[in-house]
Amino acid sequence: MTEHIFKPAYDAIDARLINYLQDGFPICESPYRQVATQLDLTENDVLTRLQTLLDDGIISRFGPLYHAERMGGALTLAALKVPQEHFEQVTEIVNAFSQVAHNYARNHELNMWFVLATETQQELEQTLIDIETQTGLHVYNMPKLNEYFVGLKLEA
Amino acid sequence: MDFNDIDLRIMRATQAGLPLVAEPYQLLAEQLNLPVDVIMARLRAMQQNGVIRRIGAVPNHYRLGYRFNGMSVWNVPDEEIDTLGEQVGKLPFVSHCYHRPRHLPYWHYNLFAMVHGRTQEEVNVQIKQIAEVLGESNRGNNVLYSSKILKKTGFRSGNKT
């Protein structure tokens with residue numbers, strides 16, 4: 001058996017920085033300097049490291065994380081039970097909807113799971129109906145009823 | 001709901017992220033032709049009322065070395081789910097933890113926890129740890145792994161996370 005040894009392209013300081021930023025970035029005149037002080041780094045270190053982490057795709061975004069639902073937008077997770085012989089065709093139909101932000105094949109009878117993001121709740125409901133109509137499949141709609149945690153803690 | 005036109009402008013200007021300059025809010029203020037105090041006050045207000053979850057980094061699990069990403073799903077009693085969800089969400093390897101509706105009789109899982117490991121073995125251990133937290137309240141569970149990313153885009157304007 002071949003062991004894949006994965007060497008992450010970030011170091012312990014990056015991990016500390018990412019973890020620190022999970023708890024929220026300050027809103028003040030020189031926020032990067034404030035973070036730097038907390039982590040015993042220089043302001044330039046923080047800026048350079050963040051830029052490198054973004055360039056390397058280790059973090060996909062840095063900035064305010066907006067809550068779609070609280071701005072009038074709507075979000076849901078939905079699943080389909082797609083017959084294997086129609087999988088490609090259904091993938092094309094579902095992906096063609098601009099409201100579908102992510103779509104994953106998963107190893108379950110419910111084998112297609114996608115996230116819908118819309119500007120309004122009404123648009124969300126209409127999109128679910130449209131997907132059912134176009135695919136001929138029942139959509140299992142699983143909007144979040146409660147959120148307990150969103151974030152990530154890295155081993156530093 | 002307290003979400004005004006200034007908020008919308010700030011949101012659009014930061015959709016791609018916060019500028020990586022020493023004084024990012026000052027730069028936003030110049031871009032939007034607004035006083036920096038207003039920018040900072042509105043950002044604080046949006047954080048307070050929950051429009052902004054937080055200002056921070058969104059990590060890419062796969063690039064961080066977590067190649068085994070499982071959606072673990074659990075059937076727990078509805079009356080206990082809030083307590084249990086909080087506990088599961090506190091586990092260090094859980095990145096997202098939600099209560100979602102069942103679809104009976106076919107789908108009876110109501111607690112979703114995304115877990116991330118560097119190896120399959122690591123994820124198996126994490127699943128056991130969640131099971132331990134849930135104890136006898138666990139009436140059944142499953143782990144769904146993604147076999148393929150079929151689509152992954154940024155969210156459209158107005159939607160994120």
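This section describes the fold of chain A, its contact with chain B, the sheet the two chains share and several local backbone features. The model is predicted.

Chain A contains five helices and six strands. Along the sequence, the elements follow the pattern α-α-α-β-β-α-β-β-α-β-β. The C-alpha trace of chain A spans about 60 × 50 × 25 Å along its principal axes. The radius of gyration of chain A is 20 Å. The globule rule gives 15 Å for 156 residues, and the value for chain A is well over that, so the chain is more spread out than a compact globule. Of the 156 residues, 31% count as buried. Among contacts in chain A with a separation of 6 or more, 56% join residues 24 or more positions apart.

The contact between the chains draws 61 residues from chain A and 61 residues from chain B. On the chain A side, the elements that give two or more residues include three helices that precede the strands in the sequence: α1 (12-22), α2 (31-39) and α3 (43-55). Helix α4 (87-95) of chain A also belongs to this group. The strands that give two or more residues are β1 (59-66), β2 (74-80), β3 (100-106) and β6 (146-150) of chain A. The largest share comes from β1(A), with eight residues. By residue class, the side of chain A that touches chain B divides into 33 nonpolar, 18 polar and 10 charged.

Strand β1(A) also pairs across the chains. Its partner is strand β1 (residues 52-59) of chain B. The two strands run antiparallel and are joined by seven bridges. Within this pairing, Y66(A) stands opposite I52(B).

A further sheet holds strands of both chains. Nine strands form this open sheet, and the pairing is antiparallel. Their order is β5(A)-β2(A)-β4(A)-β3(A)-β5(B)-β2(B)-β4(B)-β3(B)-β6(A). The edge strands are β5 (140-141) and β6 of chain A, each of which pairs on one side only. At one edge, β5(A) pairs with β2(A) over two bridges, in the antiparallel sense. There, A78(A) has N141(A) as its bridge partner.

In the order of the sheet, β3(A) stands next to β5(B). Five bridges join β3(A) to strand β5 (residues 141-152) of chain B, and the two strands run antiparallel. R106(A) stands opposite S146(B) in this pairing. On its other side, β5(B) is followed in the order by β2(B). Strand β2 (residues 68-74) of chain B pairs with β5(B) over five bridges, again in the antiparallel sense. G70(B) stands opposite Y145(B) in β5(B).

Helix packing was examined in chain B. Helix α1 (residues 5-13) and helix α3 (residues 36-48) of chain B pack at an angle of about 95°. Their axes are 10 Å apart. The two helices are therefore roughly perpendicular to each other. Helix α1(B) contributes I6(B), D7(B) and I10(B) to the contact. Helix α3(B) contributes V38(B), I39(B), R42(B), L43(B) and M46(B). These residues divide into six nonpolar, no polar and two charged.

Three backbone features stand apart. Most residues other than glycine have a negative phi, and most peptide bonds are trans. D40(A) has a positive phi of about 65°, although it is not a glycine. D40(A) lies in the loop between α2 and α3 of chain A. It counts as exposed because it has 9 C-beta neighbours inside 10 Å, and the limit for exposure is 12 or fewer. In chain B, N33(B) likewise is not a glycine and has a positive phi, of about 55°. N33(B) lies in the loop between α2 (24-32) and α3 of chain B. With 7 other C-beta atoms within 10 Å, N33(B) is exposed. The third feature is a cis peptide bond, from L104(B) to P105(B), with omega near 5°. P105(B) lies in the loop between β3 (94-99) and β4 (111-117) of chain B.

Key: Residues numbered from 1 in each chain as written. Chains lettered and ligands numbered in written order. Predicted model: local features only at pLDDT ≥ 70, side-chain atom pairs only at ≥ 80, totals over all residues. Axes fitted to C-alpha atoms, helices over the stretch in contact; angles between N-to-C directions. Helix = DSSP H or I, 4+ residues; strand = E, 2+ residues; numbered from the N terminus. Parallel < 35°, antiparallel > 145°, perpendicular 65-115°, else oblique. Contact = placed C-beta atoms within 7 Å. Nonpolar A, V, L, I, M, F, W, Y, C, P; charged D, E, K, R; others polar. Rg over C-alpha atoms; globule rule 2.2 N^0.38 Å. Buried ≥ 20, exposed ≤ 12 C-beta atoms within 10 Å, placed from the backbone. Pairing = 2+ DSSP bridges.
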